[in-house]
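I am opening a notebook page on this structure and will write down what I looked up, entry by entry.

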Amino acid sequence: MYQPNYFTLTFLIRTARLSRSGEAPIFARITVAGQRTEFNINRSVDPENWNSAKGCAKGRSKKDLELNKYLESIRVLSLIHISEP
């Protein structure tokens with residue numbers, strides 16, 4: 001079913017681009033009507049602490065909790081900006 005205003009926002013990591021500290025950069029992927037674009041959100045995470053199914057960090061450390069809060073704020077802001085007339 002085609003919906004022109006339908007969009008998805010997912011977060012993924014690029015393990016091929018590990019930093020010296022062993023962390024992978026996080027990218028946001030936005031898909032609208034079959035067209036997708038990706039951009040770096042300038043955050044990184046240890047690949048072992050990343051849950052790819054949920055698109056968030058699975059650790060309970062302060063850094064992981066702050067990262068998850070940041071990712072959730074991006075999700076909320078994208079919904080607000082898309083739903084505005």
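**Entry 1: a pair within the helix.** I began with Arg75 and Glu72, which both lie in helix α1 (residues 62-83), three residues apart, or about one turn of the helix. I keep in mind that the model is a predicted one. The two side chains form a salt bridge, and the closest N and O atoms are 3.5 Å apart. I then looked up how much of each residue is accessible: Arg75 is partly exposed, with a relative accessible area of 21%, and Glu72 is partly exposed as well, at 41%. I noted the general idea beside this entry: side chains of opposite charge can pair when their charged atoms come close.

**Entry 2: the salt bridges of the whole structure.** How many salt bridges does a search of the whole structure find? The search gives four. One of them joins the side chains of Arg14 and Glu38, with 2.3 Å from N to O. Arg14 lies in the loop between β1 (7-13) and β2 (24-32), while Glu38 belongs to strand β3 (residues 35-45), so this pair ties together parts that are 24 residues apart in sequence. Glu38 also forms a salt bridge with Arg29, where the closest N and O atoms are 2.4 Å apart. I therefore wrote Arg14, Arg29 and Glu38 down together, as they are linked in a network of salt bridges.

Are the members of this network buried or exposed, or something in between? Arg14 is partly exposed, with a relative accessible area of 26%; Glu38 is partly exposed, at 29%; and Arg29 is partly exposed, at 22%.

**Entry 3: rings and charges.** I searched the whole structure for aromatic pairs, and the search finds zero. Charges over rings do turn up, however: the charged end of Arg14, the residue already noted for its salt bridge with Glu38, sits over the ring of Phe27, 5.5 Å from its centre. The charged end of Arg43 sits over the ring of Tyr70, 3.7 Å from its centre.

**Entry 4: the nonpolar core.** Which residues touch the most other members of the largest nonpolar core? Of its 15 residues, these are Phe11, Ile26, Ile41, Val45, Trp50 and Leu71. The elements that give two or more residues to this core are β1, β2, β3, β5 (56-57) and α1, and the largest share, four residues, comes from β1. I followed Ile26 a little further and, leaving aside residues up to four places away in sequence, found that Ile26 touches a list of residues including Phe11, Ile41, Val45, Trp50 and Leu71.

**Entry 5: back to the helix.** I looked up Leu65, which lies in helix α1. Leu65 is partly exposed, with a relative accessible area of 36%, and, not counting residues up to four places away in sequence, Leu65 touches Gly59 and Arg60.

**Entry 6: the protein as a whole.** I closed the page with the overall values. The protein has one helix and five strands, and read along the sequence these follow the pattern β-β-β-β-β-α. Buried residues make up 28% of the 85 residues. Among the contacts with a separation of 6 or more, 33% come from residues 24 or more positions apart. The accessible surface comes to about 6,300 Å², and 53% of this surface belongs to carbon and sulfur atoms.

Notes
Residues numbered from 1 in each chain as written. Predicted model: local features only at pLDDT ≥ 70, side-chain atom pairs only at ≥ 80, totals over all residues. Heavy atoms only, no water. Buried < 20%, exposed > 50% of the residue type's maximum accessible area, 1.4 Å probe, protein only. Core = buried A, V, L, I, M, F, W, Y, C linked by side-chain atoms within 4.5 Å. Contact = heavy atoms within 4.5 Å. Phe/Tyr/Trp six-rings, centres within 6.5 Å; stacked < 30°, edge-to-face > 60°. Lys NZ or Arg CZ within 6 Å of the ring centre and 35° of its normal. Areas by Shrake-Rupley, 256 points an atom, 1.4 Å probe, with all protein chains shown as cover.
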